[in-house]
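Trainee: Could you take me through how enclosed spaces and surface patches are read in a model such as this one?

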Amino acid sequence: MAERAQPISPLPGVGAATLVAALILGTLAAVALRADSGGMFAFSDWAALRFTLTQAVLSSVISAGLAIPTARALARRRFFGRQVLIALLGAPFILPVIVAILGILQVFGRAGWISEALGFFGLPAIRVYGLHGVVLAHVFFNLPLATRLLLQGWQEIPAEQFRLAAQLNCKGMAMFRLLEWPMLKRVLPSVLAVVFAICLTSFAVALTLGGGPRATTIELAIYQAFTYDFNLGRAALLSTVQLALTAAAALVALRFTRKEGFRTGLNRAIRRWDGGSPAIDTFWISATAAFLLLPLSSVVISGVVGLLELPTQVFKAAVISVAVAVASTSILLFLALPMAAAVAVRRHSFVELIGILGLAASPLVIGTGLFILIRPFVNPTAVALPVTALVNAVMALPFALRILVPAAQETVTRYSRLALSLDMKGHIFFASVLLPRMRAQIGFAAGLAMALSMGDLGVIALFADAQVATLPLQIYRLMGAYQMQAAAGSALLLLMLSMGSFWILDRGGRWHVET
């Protein structure tokens with residue numbers, strides 16, 4: 001049976017997906033082939049593997065464990081500023097990692113606010129480096145994500161089931177056991193797997209708060225194999241292990257997200273009859289808000305002074321970061337828009353699969369493969385910035401497609417018949433109908449890609465030399481030189497550039513768009 005005619009061809013999207021697949025799979029193949037000459041795992045490699053798994057397990061368990069009471073409190077409480085707080089839970093996702101780490105050091109570090117308060121009472125300062133520091137930073141980044149996912153699970157429980165449970169006089173633990181625990185059994189494993197996978201590929205956190213023989217992750221070991229030993233075989237072997245761990249965690253997450261949830265209700269607003277303790281709910285909401293806002297506040301407070309005395313190389317690094325982010329966003333849109341259109345008109349499983357492939361490979365793994373591939377022909381440091389922009393675009397592709405595909409599907413479904421009747425096909429339909437109707441989503445995806453690229457500290461650390469640095473890398477170098485005032489000012493500058501670019505592109509996409 002012939003398929004219904006469509007106003008736009010899926011071939012450009014299939015071609016873009018093929019390019020992405022060639023990049024990811026080609027670099028992974030280069031890593032796998034080079035890993036054969038990497039030898040067996042050394043003792044330090046086993047130590048890195050154990051630390052990686054330990055910190056990922058602890059981070060995911062603590063993040064999810066703290067998210068459960070926080071999400072439950074947000075689900076059953078209504079208060080002024082609730083929507084703002086829920087929106088702020090998404091901020092750490094686009095927050096530059098190096099900025100958040102600097103804020104964590106200023107609050108929880110040896111000379112931080114909490115350590116100074118403890119010293120006032122004669123108590124020892126907090127030691128933030130090592131396992132506990134890595135876990136603390138991962139909880140900071142992943143607690144909001146886990147809370148949002150669990151909150152969505154609570155909101156998916158139909159209001160009618162809460163009403164029925166109340167009519168049956170189910171309160172407290174009885175209602176939790178009948179309604180909330182089944183939801184947690186369905187959602188919680190996926191949350192744990194997602195956070196676990198994120199913690200496996202967290203490079204900047206391990207680079208700044210880890211280090212040393214007892215606090216080295218696999219990603220940090222890959223970086224050290226490049227930077228200190230220049231042992232490409234060992235780096236490739238470690239990259240292969242890293243890929244296997246991340247792919248396994250991603251498969252577990254996908255397996256659990258396919259489980260069925262509650263039956264559909266009548267879409268009424270949820271009303272709870274099991275009130276619970278307002279004091280306990282207030283504690284969890286306030287504690288989570290303080291845990292997230294204090295490090296950001298410290299960056300702003302300490303950065304205002306340092307912002308006025310920034311060295312010249314910081315502004316040069318800021319210009320480079322903006323240029324790389326613009327290039328990365330352009331590459332992303334060049335790939336994501338035709339791929340979203342291909343999924344919309346033909347539901348291509350190949351394109352959708354390639355769209356999420358970037359989640360299974362970390363930037364350092366792809367960077368390792370690119371280094372191996374281009375080194376025989378070009379000096380890798382000469383192409384550090386283009387390679388960084390390319391890898392950042394591929395890493396942001398899964399999130400961009402998640403934003404663009406639903407809008408593309410709705411537009412094609414609604415306007416394809418009319419477009420065909422007016423003989424609007426190909427690039428005419430793409431430029432005159434699809435792009436204008438997706439403007440808000442394009443702006444959001446572009447802003448997200450811009451912010452993520454602006455704050456990335458991954459591939460650039462592999463390729464850059466002393467003369468080239470993005471702003472996150474420059475902040476890391478300032479922190480390593482103990483120039484904390486300049487680092488704070490640079491962090492505030494990066495925060496303004498990152499959040500400002502996201503706001504401009506997101507707001508520009510929604511400008512004069514009817515909703």
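Trainee: How do the residues of the lining of the largest cavity divide into nonpolar, polar and charged?

Mentor: This is a predicted model, in which local features need pLDDT of at least 70 and side-chain atom pairs count only at pLDDT 80 or more, while totals for chains, interfaces and linings use all residues. Residues are numbered from 1 along each chain as its sequence is written, and side-chain values use heavy atoms, with hydrogens and water left out. On a 1 Å grid over the protein atoms alone, a cavity is a set of points where a 1.4 Å probe fits but cannot get out, a pocket is an open set with protein on both sides within 12 Å along at least five of seven lines, and lining residues have an atom within 4 Å of a point. Ala, Val, Leu, Ile, Met, Phe, Trp, Tyr, Cys and Pro count as nonpolar, Asp, Glu, Lys and Arg as charged, and the others, Gly among them, as polar. Here the lining of the largest cavity has 10 nonpolar residues, with no polar and no charged ones; among them are L85, F140 and L296.

Trainee: What volume does the largest cavity have?

Mentor: A volume is the space filled by probe spheres set on the grid points, which are joined across faces, edges and corners, and for the largest cavity this is about 80 Å³.

Trainee: How is the lining of the second largest pocket divided?

Mentor: That pocket holds about 620 Å³ of space, and its lining comprises 11 nonpolar, seven polar and two charged residues. L105, Y129, M479, Y482 and M484 lie nearest its centre.
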